[in-house]
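Open the model in your viewer and keep the sequence panel beside it. We will move from stop to stop, selecting a few residues each time and saying what is there.

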Amino acid sequence: MARFLTVLGALCAALLVPGVVLAGEGHPNIPGAQLSVLWAIPFVCMLLSIAIMPLALPHFWEKHFGKIAAFWGLAFLTPCLLVYGFNVALYEFLHIILLDYVPFLVLLFTLFTIAGGVRLTGSLVGTPAVNTGLLAVGTVLASWMGTTGAAMLLIRPLLRANAHRKYRVHSVVFFIFLVANIGGSLTPLGDPPLFLGFLKGVDFFWTTTNLLMKTSLMSAVLLGIFFVLDTVLFKKEGSPKPEAPAGAAEEKLGLDGKINLLFLLGVVVAVLLSGLYPLGELVSVFGVSVEGQNLLRDVALLCLAGLSLKFTSRRCRELNGFSWGPIEEVAKLFFGIFISMIPAIAILRAGADGALASLIHLVSHDGQPVNSMYFWLTGILSSFLDNAPTYLVFFNTAGGDAQHLMHDMPATLAAISAGAVFMGANSYIGNAPNFMVRSIAESDGVRMPSFFGYMAWSVGILVPLFALLTWLFFI
């Protein structure tokens with residue numbers, strides 16, 4: 001963990017050193033319109049490595065997954081260097097690291113640290129009613145403190161309440177569906193794509209009013225399915241009178257480390273203010289413009305994480321099962337994911353001029369938007385790529401004018417928004433907290449499904465619901 005913090009600190013400190021500030025000229029983007037889909041091979045191989053190697057070569061993967069992730073990142077950067085030159089390769093690397101990876105990791109690290117200091121005390125036992133209640137609470141909280149914040153806050157209480165249960169995988173899977181994804185669809189605070197829409201001019205409560213029915217339907221059906229499934233499994237376990245988790249009987253129901261709730265509020269405020277009050281470019285690192293509000297936000301987040309470490313007792317974190325392993329795993333894997341997906345995002349951003357033009361053309365017919373295709377294409381691509389730039393691609397494809405989309409094409413904007421948020425649940429890498437929840441669950445002894453195993457759950461449960469949603473709202 002010390003090495004991870006050192007590297008993270010060095011990346012952040014680099015932004016503050018005047019010596020690295022250069023003019024922003026002469027550093028072009030990789031030409032997405034000229035790229036073939038072959039450039040996406042390293043990204044596909046990165047996904048296949050995550051999917052296959054933990055099953056085929058578990059010991060090798062456990063020891064070397066960080067090196068494997070770095071290899072697939074280099075598998076893109078090296079050809080980029082040879083074909084487009086040093087300046088383009090350096091610019092693309094710094095752009096994805098400084099503007100996407102570091103902010104992503106800082107936010108995740110901060111929420112992981114703060115939420116890891118909040119412990120639900122007492123004899124809460126994972127019965128079907130209690131588990132469904134925890135999922136429902138998390139689903140509501142996700143739109144107001146972010147899917148990552150709600151997931152990090154509630155995953156450990158869910159795991160601890162079900163420590164005595166034989167069947168636990170389904171609880172974590174539905175937790176990812178609801179708390180880590182679908183629940184974050186009602187405000188710009190819930191998920192990064194909606195926050196980008198807010199910055200583009202979409203009203204703060206527009207998604208609340210336009211996605212409320214869709215989110216409520218998805219949440220209600222999923223909670224109902226979960227309750228039935230959990231009840232069946234609970235009875236199958238033969239534990240009509242389950243015992244409380246060890247050590248819980250001596251404690252009253254409550255919260256330990258409550259000061260961290262104040263720090264969580266600070267995270268929400270810092271993220272919201274960074275979007276509301278732009279400060280303009282602060283530094284330019286080899287042509288990559290770093291804006292002041294984003295740098296201040298990340299520094300504030302790291303300070304909040306530091307305060308959490310200072311003011312939360314070690315005993316509280318130990319009883320919470322807190323360790324640095326999950327955040328280290330996510331940091332290493334997503335380093336490879338972010339770098340190797342650069343050409344895929346570039347091709348997608350090229351729109352009708354890129355290698356995926358045939359997909360882009362599917363979202364309109366005779367000049368009219370095909371909302372069902374906006375929903376599915378935004379969603380499917382968001383399942384494997386970063387859902388924030390995917391949202392922006394289709395937002396701009398639909399016209400890019402927030403006022404026009406909100407008032408004249410509300411169904412189209414709703415389709416894009418719902419696809420980007422809802423379908424992040426389709427895979428472990430579809431949204432930031434998914435992989436983190438999986439890692440925390442595995443560190444707690446839950447044998448989570450493989451990459452494809454998880455997708456069997458999502459395809460079997462979510463895809464039919466998405467089809468129903470399409471029929472009801474987007475046709």
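Helices here are DSSP runs of H or I that hold at least four residues, and they are numbered from the N terminus. One thing to keep in mind as you look around: this is a predicted model.

**Stop 1: a nonpolar patch**

Start by selecting V269, which sits in helix α10. Is V269 buried, exposed or partly exposed? Its relative accessibility is 38%, and partly exposed covers the range between 20% and 50%, so V269 counts as partly exposed.

Now widen the selection to I259, L262, L265, V269, L273, L276, Y277, L307 and F311; together they form a nonpolar patch on the surface, with about 830 Å² of accessible area. Two elements, α10 (259-276) and α11 (292-311), each give two or more residues to this patch. Color α10 on its own and you will see the largest share of the patch, six residues.

**Stop 2: the salt bridges**

Next, switch on the charged side chains. Side chains of opposite charge can pair when their charged atoms come close. How many salt bridges does the count come to? The answer is six, and we will visit some of them.

Select D256 and R119, whose side chains meet in a salt bridge with 3.8 Å from N to O. D256 belongs to strand β2 (residues 254-256) and R119 to strand β1 (residues 119-121), so this pair ties together parts that are 137 residues apart in sequence. Show the surface and compare the partners: D256 is partly exposed at 24% relative accessibility, whereas R119 is buried at 5%.

Move on to E237 and R165, another salt bridge, where the closest N and O atoms are 2.8 Å apart. This pair also links distant parts of the chain: E237 is in the loop between α9 and β2, while R165 is in the loop between α6 (147-161) and α7 (169-178), 72 residues away. Both E237 and R165 are buried. Add D230 to the selection, since salt bridges that share partners join R165, D230 and E237 into one network.

For one more pair, pick R297 and D298. Their side chains meet in a salt bridge at 3.1 Å, N to O, and both residues are buried.

**Stop 3: the cysteines**

A disulfide is a covalent bond between the sulfur atoms of two cysteines. How many disulfides does the count come to here? It comes to zero.

Select C80 and C45 to look at one case. The closest cysteine sulfur to that of C80 is in C45, 17 Å away, which is too far for a bond because a disulfide needs the two sulfur atoms within 2.5 Å. C80 is buried, with a relative accessible area of 0%. Then jump to C303, which counts as partly exposed at 47% relative accessibility.

**Stop 4: a cavity**

Finish inside the protein. Rolling a probe the size of a water molecule over the atoms shows where empty space is left. The structure holds one cavity of 30 Å³ or more, and about 50 Å³ of space lies in the largest cavity.

To find the lining of the largest cavity, select P188, L194, F198, V202, D203, W206, T207, Y391, L413 and S417. Which elements supply at least two residues each to this lining? Color α8 (192-199), α9 (206-236) and α19 (410-422) to see them.

Key. Residues numbered from 1 in each chain as written. Predicted model: local features only at pLDDT ≥ 70, side-chain atom pairs only at ≥ 80, totals over all residues. Heavy atoms only, no water. Patch = residues over 30% accessible without salt bridge, like charges linked within 9 Å, V, L, I, M, F, W, Y side chains within 5 Å. Areas by Shrake-Rupley, 256 points an atom, 1.4 Å probe, with all protein chains shown as cover. Salt bridge = Lys/Arg side-chain N within 4 Å of Asp/Glu carboxyl O. Buried < 20%, exposed > 50% of the residue type's maximum accessible area, 1.4 Å probe, protein only. 1 Å grid on protein atoms, 1.4 Å probe; cavity = no way out; pocket = protein on both sides within 12 Å on 5 of 7 lines; lining within 4 Å. Points joined across faces, edges and corners; volume = space filled by probe spheres on them.
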